[in-house]
Amino acid sequence: MPKDTKKIAPINYLSKEFADIRSDLIQLAQRYYPDQFQDFSESSFGAMMVDAVAYVGDQLSLYLDYNVNESFLDTAFERANIERHGRILGYKAAGRPSTYGTVALYIMVPAEIVGLGPDSNYIPQLKRGSSFGSDTGLVYILTENVNFNNPANDFIAARVDEITGAPTHYAIKAYGNVVSGQLGVKKLTIGAYEKFKRVKLGAGNIVEVISVFDTEGNEYFEVDYLAQDMVYKELENKNFQDDNVPSILKPMLVSRKFVVERAGNDVILQFGSGEEGQSNVVANPQNVAMDIFGKTYITDTTFDPTRISKNSNFGIVPSNTQLIVAYRTTNPMNSNVATRGVNRVNGSNFEFVDSHNLIRSTMDTVRTSLEVSNETPIVGNVTNPSSAEIKRRIFDTFPTQNRAVTQADYESLAYRMPAKFGSIKRVSVQKDQDSLKRNLNMYVISEDSYGKLTQTNSTIKNNLKTWLSNYRMINDTVDILDPYIINLGIEFVIKVPAGTDKNAALKSAYRTLQEKFSEGFFIAEQLYISDVYSELKKDPRILDVIKVKIVNKTGGQYSSAGFNVDKNLSPDGSYLMAPQNAVFEIKFPDTDIKGKVR
């Protein structure tokens with residue numbers, strides 16, 4: 001028998017809140033059940049049932065909307081859910097931000113017995129991890145080793161002999177980078193073996209896990225994901241005095257590893273599932289060839305890159321031991337500090353080149369002479385990012401995929417290599433036009449201790465090669481090359497108004513051009529002669545710029561690369577074109593920029 005369509009009640013699916021659902025239920029009962037229910041006053045049984053059903057409907061609607069919204073990053077509201085979406089998309093929460101800055105460091109070193117200048121044997125290196133403080137209780141940690149023996153450091157005579165007037169001690173000034181926060185150590189007791197063990201540190205405001213060791217001396221390495229077997233370890237460069245590279249980047253296959261996870265203010269160490277003594281915790285590097293089935297002979301063995309990183313247990317889990325975790329926490333208050341606010345040495349760690357053959361009391365005098373001050377304010381945004389900011393960072397992180405595909409990706413990665421592995425001043429990545437494959441030419445240039453361009457040494461190149469190998473596409477080949485350094489000079493002629501001091505106008509023109517070109521050039525960057533005209537004309541002391549000439553400087557202290565300026569001018573003469581494998585440099589602005597006044 002067909003169903004009577006007139007008895008089917010229309011349902012309003014747009015009603016989601018308590019009042020709307022209750023109103024719909026009352027209308028439904030009054031229309032379709034007038035004989036059964038007639039009393040809908042607030043104190044009646046019928047009203048109670050309607051309210052109960054409306055209450056359940058409101059609850060179901062709320063949690064349905066909540067679950068749907070929290071299932072997508074765009075509409076998620078809860079911070080914990082946003083961070084979970086971020087982890088899926090490759091975003092790694094960094095915790096509360098830290099402030100970074102630069103401090104000036106001063107020490108006093110005895111003078112040479114014979115000759116002038118400080119005794120180089122007593123010029124130490126201040127190790128990273130040294131701690132400084134302010135009068136307000138803020139703490140800052142040195143993030144890099146500071147070599148006081150760098151030729152670029154300033155030094156003056158601090159003490160002199162009252163009789164002879166000869167210097168007895170020299171004060172040396174150097175700069176170092178610091179980060180807000182202080183170091184902490186926590187010991188955690190680990191029980192029996194447990195797969196995918198999670199260990200909560202239980203300390204507030206942790207922003208960085210520095211090291212993890214167990215009582216047996218085994219080191220556990222932080223990785224981005226537990227399937228990662230390769231890490232890059234920093235080793236001290238024994239040839240530091242020659243190539244000015246403090247550290248060497250070394251790839252290392254590890255079996256003890258962990259990832260850092262954050263849940264609100266809690267920091268958790270997540271380990272893998274491998275048990276001590278198992279043979280398959282780390283893939284055997286010898287088993288890298290694919291099996292050839294059905295042949296009694298071998299013509300070629302195809303390399304299978306997945307075999308080297310095949311790891312079913314994701315590393316060894318610590319068990320029946322004690323973990324010693326070193327970490328850095330942020331300051332419990334605002335970490336910003338005004339100029340000269342950092343003025344205390346909380347703890348210092350010095351290293352002398354030949355400490356065994358030096359006088360201990362003299363070394364102690366050098367150590368205790370350390371002073372610190374910040375010449376510029378150390379400021380930054382130290383508040384936790386909001387949910388909206390975290391969403392934006394997740395969206396920005398996902399497209400990068402932590403890899404290098406475009407030429408800009410490679411340039412960005414080269415600049416991102418930590419300075420302790422070598423200083424790179426300029427990078428330019430270009431497609432090799434002579435190669436049929438995806439070959440890239442990476443031109444890199446460095447600075448010497450005096451801030452002048454110099455060819456990048458082999459240590460830095462090897463570090464850069466190791467650094468890039470973790471990010472480059474498998475079918476990319478990258479050649480690291482040296483660009484030509486083309487030294488240039490600028491000659492100009494200006495005209496000044498009548499009655500103007502010509503010397504003052506000329507000095508002002510020198511300062512203007514020196515500031516203009518103080519940042520230097522990028523590789524293959526053009527020199528715009530029109531900019532020289534426009535910058536000089538901005539000076540109120542200069543009436544007109546009559547002539548500007550660019551000359552090539554070679555020989556002596558200059559580069560040996562010759563360059564024909566006239567043949568490389570643009571058709572209109574407004575700029576000087578640079579070759580793709582060269583970089584312009586005004587090496588000595590005080591003498592390479594010359595001018596005349598008419």
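This report covers one strand pairing, one helix and the nonpolar cores of a predicted model.

## Ground rules

The model is predicted, so local features need pLDDT of at least 70 and side-chain atom pairs count only at pLDDT 80 or more, while totals for chains, interfaces and linings use all residues. Residues are numbered from 1 along each chain as its sequence is written, and side-chain values use heavy atoms, with hydrogens and water left out.

Helices (H or I, at least four residues) and strands (E, at least two) are DSSP runs, numbered from the N terminus.

## Strand S14 and its partners

Strand S14 covers residues 257–263. Of its 7 residues, 6 are buried. Buried means under 20% relative accessible area, exposed over 50%, and partly exposed in between, with a 1.4 Å probe and protein chains only.

S14 pairs with strand S11 (residues 219–222) through 2 bridges, and the two run parallel. Pairing requires at least two DSSP bridges between the strands. Glu222 has Phe258 of S14 as its bridge partner. S14 also pairs with strand S15 (residues 266–270), here antiparallel and over 5 bridges. Arg262 stands opposite Val267 of S15. The hairpin of S14 and S15 has 2 residues between the strands, and Gly264 takes a positive phi near 70° there.

## Helix H9

Helix H9 spans residues 502–516. Its end C-alpha atoms are 21 Å apart, which agrees with the 21 Å expected for 15 residues at 1.5 Å a residue. The expected span is 1.5 Å times one less than the number of residues. At the start of H9, a side-chain oxygen of Asp501 comes to within 3.1 Å of the backbone nitrogen of Asn503.

Which residues of H9 are buried? They are Ala505, Leu506, Ser508, Ala509, Thr512 and Leu513. Seen down the axis, the buried residues fall within an arc of 160°, so they line one face of the helix. That arc is taken from the directions from the helix axis to the C-beta atoms. The face turned away carries exposed Asn503, Lys507 and Glu515.

## Nonpolar cores

A nonpolar core is a set of buried Ala, Val, Leu, Ile, Met, Phe, Trp, Tyr and Cys residues joined through side-chain atoms within 4.5 Å. The largest has 35 residues, of which Phe492, Ile494, Leu527, Leu536 and Phe584 touch the most other members. Elements giving two or more residues to this core include H9 and strand S24. S24 gives the most, with 6 residues.

Apart from this core lies another, of 26 residues. Among them are Ile123, Ala174, Phe350 and Met363.

Methods. A polar contact is a pair of N or O atoms within 3.5 Å; within protein, one must be able to donate a hydrogen and the other to accept it, and residues adjacent in sequence count only if both atoms are side-chain atoms.
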